[in-house]
Amino acid sequence: MKHALIGVIAGALFASTALATEIETKSLEELYAEAVAEGGELVIRAGGDKDDQADYYLDMFKERFPEINVTHSVDLSFYHASRYDNAREDDSKADVPDIIQFQTLHDYDYYAERGLLERYKPKNWEKVYPDYKDPHGRWIGLFGVAFTNVFNSDLINEDDAPRDALDYLDPALKGKVILTYPHTDDAVLYQFWNLKEKYGWEYLEQLVATEPTWVRGTSMPYVAIDNGWYGASFTTSWAFVPFEGSDTRLVLPEEDYFLSWFQTAAIPTDAKHKSAAKLYLNWMLSEEFQGKWLQFPVRMDVESPDGYKSHRHYNTSPADFHRFMLKRDQVERFRLQIEQLVGPAEGPAPLELDYSVKP
């Protein structure tokens with residue numbers, strides 16, 4: 001009986017090993033050839049709130065692989081997720097994209113549990129931080145994003161730039177601060193959750209009382225700051241290395257916690273162009289791209305730009321943001337509390353904003 005039991009266990013382990021997803025070994029050139037032979041089409045749905053947000057890396061991808069016809073759209077992740085859900089319901093699956101790339105990290109858990117994501121481990125998979133990839137290969141982080149202090153150095157001296165939460169209560173910043181409505185974006189809502197946890201509800205009341213300019217979407221704050229319309233925000237992002245000719249700077253907090261996460265991608269099981277999708281994931285994880293990313297790389301062996309260290313050296317945790325996103329009851333309850341404090345979101349939706357006009 002003992003030997004029989006050992007045999008069953010050994011057999012199960014062997015079967016499990018046999019079914020394990022192997023890491024890709026093909027070169028980018030080999031994957032490119034396969035994608036071209038497949039038809040040379042790639043459809044990407046990328047989470048974001050400004051239609052050009054994916055251009056930085058997709059332009060590089062298109063230049064590197066000119067025979068791939070990339071069709072992409074940027075929209076809020078929860079809209080893209082619902083469109084994917086609807087596309088799956090259609091018998092033809094004609095509108096199922098090849099890559100879903102969302103900020104709504106809880107969606108990947110939902111899809112993975114239902115067998116809706118392809119099991120695939122791109123090359124360099126083992127070099128990605130363990131918390132930011134599914135062990136079965138169903139989803140993987142591509143690049144790090146940090147929301148923290150962004151300011152215009154022509155309007156605010158660097159020594160006076162706000163870094164921690166209490167700095168934003170300074171009367172000298174009156175009329176210079178622009179913030180995203182937290183109840184319209186889960187990432188910003190997470191920032192306000194952490195402010196509440198550290199400083200209490202009273203701090204949030206004091207911040208709202210300073211009468212910052214509120215906008216929908218996280219892109220308008222960095223556009224408004226870069227145009228010199230406003231001086232500072234913490235509900236937006238910017239490159240670690242300042243762009244040439246720009247007065248906009250990003251600075252990390254001195255004491256406070258800040259938000260970071262890894263924008264995550266997956267291949268739907270019903271995707272039409274899986275070879276092209278695999279090429280995309282492999283290129284995004286290549287040193288060729290990771291070394292050019294504007295903030296935290298997702299690979300452990302690639303350094304952040306401009307002397308920044310990895311996210312692990314700072315007061316931030318992408319894994320904690322993922323945990324927050326999974327707690328939907330807590331998220332939705334806090335969202336309604338914040339809306340009562342700040343007021344209903346006003347103005348056009350992020351993708352309908354006129355970014356040439358000061359909000």
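## Strand S9, salt bridges and surface charge

Strands S4 and S9 run antiparallel and are joined by 7 bridges. The model described here is predicted. Within the S4 pairing, phenylalanine 147 has leucine 259 of S9 as its bridge partner. S9 also pairs with strand S3 (residues 99-102), again in the antiparallel sense, over 3 bridges. There, phenylalanine 102 is placed opposite threonine 264 of S9. S9 itself spans residues 259-266 and is mostly covered, with 8 of its 8 residues buried.

Helix H9 is another covered element. Because 8 of its 11 residues are buried, H9 is largely enclosed by the rest of the structure. The buried residues are Ala276, Ala277, Leu279, Tyr280, Leu281, Asn282, Trp283 and Met284.

### Salt bridges

Side chains of opposite charge can pair when their charged atoms come close. The whole structure contains 19 salt bridges. The table lists some of them, with the distance between the closest N and O atoms.

| Acidic residue | Basic residue | Closest N and O atoms |
|---|---|---|
| Aspartate 85 | Arginine 88 | 3.0 Å |
| Glutamate 118 | Lysine 274 | 2.9 Å |
| Glutamate 211 | Lysine 174 | 3.3 Å |

The salt bridge between lysine 274 and glutamate 118 has its closest N and O atoms 2.9 Å apart. Lysine 274 belongs to helix H9 (residues 274-284) and glutamate 118 to the loop between helix H5 (106-113) and S4, so this pair ties together parts that are 156 residues apart in sequence. With a relative accessibility of 22%, lysine 274 counts as partly exposed.

Glutamate 211 and lysine 174 form a salt bridge with a closest N and O separation of 3.3 Å. This pair also links distant parts of the chain, 37 residues apart: glutamate 211 sits in the loop between helix H7 (201-209) and strand S6 (213-215), and lysine 174 in the loop between S4 and S5. Glutamate 211 counts as exposed because its relative accessibility is 57%, a value over the 50% cut-off. Lysine 174, with a relative accessible area of 49%, is partly exposed.

The pair of aspartate 85 and arginine 88 is contained in one element: both residues lie in helix H4 (residues 77-89), 3 residues apart, which is about one turn of the helix. Aspartate 85 is partly exposed at 25% relative accessibility, whereas arginine 88 is buried at 16%.

In addition, Asp186, Arg328, Glu332 and Arg335 are linked in a network of salt bridges.

### Negative patch

On the surface, Glu158, Asp159, Asp160, Asp167 and Asp170 gather in a patch of negative charge. One of these residues, aspartate 167, is located in the loop between strand S4 (140-152) and strand S5 (178-180). Aspartate 167 has a relative accessibility of 33% and counts as partly exposed.

### Backbone angles

Most residues other than glycine have a negative phi. Asparagine 124 has a positive phi, near 75°. Asparagine 124 is part of the loop between H5 and S4 and is buried, with a relative accessible area of 14%.

Aspartate 306 also has a positive phi, near 60°. Its loop runs between helix H10 (287-290) and helix H11 (318-326). Aspartate 306 is exposed, at 56% relative accessibility, whereas asparagine 124 is buried.

How values were computed. Residues numbered from 1 in each chain as written. Predicted model: local features only at pLDDT ≥ 70, side-chain atom pairs only at ≥ 80, totals over all residues. Heavy atoms only, no water. Patch = residues over 30% accessible without salt bridge, like charges linked within 9 Å, V, L, I, M, F, W, Y side chains within 5 Å. Areas by Shrake-Rupley, 256 points an atom, 1.4 Å probe, with all protein chains shown as cover. Salt bridge = Lys/Arg side-chain N within 4 Å of Asp/Glu carboxyl O. Lys, Arg positive; Asp, Glu negative; His and termini not counted. Charge placed at Lys NZ, Arg CZ, Asp CG, Glu CD. Helix = DSSP H or I, 4+ residues; strand = E, 2+ residues; numbered from the N terminus. Buried < 20%, exposed > 50% of the residue type's maximum accessible area, 1.4 Å probe, protein only. Pairing = 2+ DSSP bridges.
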